[in-house]
Amino acid sequence: MAIERTLSIIKPDATRRNLTGRINAKFEDAGLRIIAQKRLHLTKAQAGQFYAVHAERPFYDELCTFMASEPVVVQVLEGESAIAKNREVMGATNPANADDGTIRKEFALSVGENSVHGSDAPETAAVEIAFFFSGLELVG
Ligand code: CMP
């Protein structure tokens, strides 16, 4: 097992309900370290650029509008197998399918307003981290 870094976003449905601390506690309880974090209000264009891989999906416009609707908290999580571990802690994309104890089971409102985003592979983690952070901002 290797120490990895992954990009996490606490989404507008969660920041709006003041859940940042409770979500961060889930990460920390799972052994993930928050080594960078900032609160941003994305423009729709920035959200669209971040989610460009989904540009052809029917939910793309709705996704970008939602991600720009209120502030997000972007963060870098570090730990053993951090990418897979974060996906475990988040739970399934659709909260209806998420396991008990996961962030999405406890907090998500719907498949769109699902409280958190996490990178899905090492290559995407590197690209997504570089989208929001410079190397100087990562303090492991
Ligand atoms: P995320 O892990 O951030 O990656 C892409 C996002 O698209 C996903 O979480 C969901 O929030 C969103 N998404 C996926 N499927 C749908 C859908 N059917 N309707 C609306 N949003 C969706």
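User: What makes up the shell around the ligand, by class?
Analyst: In this predicted model, the shell has four nonpolar, five polar and three charged residues. Tyr-51, Phe-59, Leu-63 and Val-111 are among the residues around the ligand, and Tyr, Phe, Leu and Val count as nonpolar. Lys-11, Glu-62 and Arg-104 also belong to the shell; Lys, Glu and Arg count as charged.

User: How do you know that Tyr-51 makes a polar contact with the ligand?
Analyst: An N or O atom in the side chain of Tyr-51 is 2.6 Å from an oxygen atom of the ligand. A polar contact requires a pair of N or O atoms within 3.5 Å, so this pair qualifies.

User: What makes the pairs at Arg-104 and Val-111 polar contacts as well?
Analyst: The side chain of Arg-104 has an N or O atom 3.4 Å from a ligand oxygen, and for Val-111 a backbone N or O atom lies 3.0 Å from one. The limit is 3.5 Å, so both pairs count.

User: How much of the ligand's accessible area does the protein cover?
Analyst: The ligand has 460 Å² on its own, and the protein covers 79% of that area. The space taken by the ligand is the largest pocket.

User: Why is the pair of Phe-50 and Phe-131 called edge-to-face?
Analyst: The ring centres are 5.5 Å apart, within the 6.5 Å limit, and the planes stand at 70°, over 60 degrees, so the pair is edge-to-face. The structure holds four aromatic pairs.

User: Which parts of the chain does the Phe-50 and Phe-131 pair link?
Analyst: This pair links distant parts: Phe-50 lies in helix H3 (residues 44-50) and Phe-131 in helix H7 (residues 122-132), 81 residues apart.

Note on methods
Residues numbered from 1 in each chain as written. Predicted model: local features only at pLDDT ≥ 70, side-chain atom pairs only at ≥ 80, totals over all residues. Heavy atoms only, no water. Near = heavy atom within 4 Å. Polar contact = N/O pair within 3.5 Å; in protein donor to acceptor, adjacent residues only side chain to side chain. Areas by Shrake-Rupley, 256 points an atom, 1.4 Å probe, with all protein chains shown as cover. 1 Å grid on protein atoms, 1.4 Å probe; cavity = no way out; pocket = protein on both sides within 12 Å on 5 of 7 lines; lining within 4 Å. Sits in = over half its atoms within 2 Å of the grid points. Phe/Tyr/Trp six-rings, centres within 6.5 Å; stacked < 30°, edge-to-face > 60°. Helix = DSSP H or I, 4+ residues; strand = E, 2+ residues; numbered from the N terminus.
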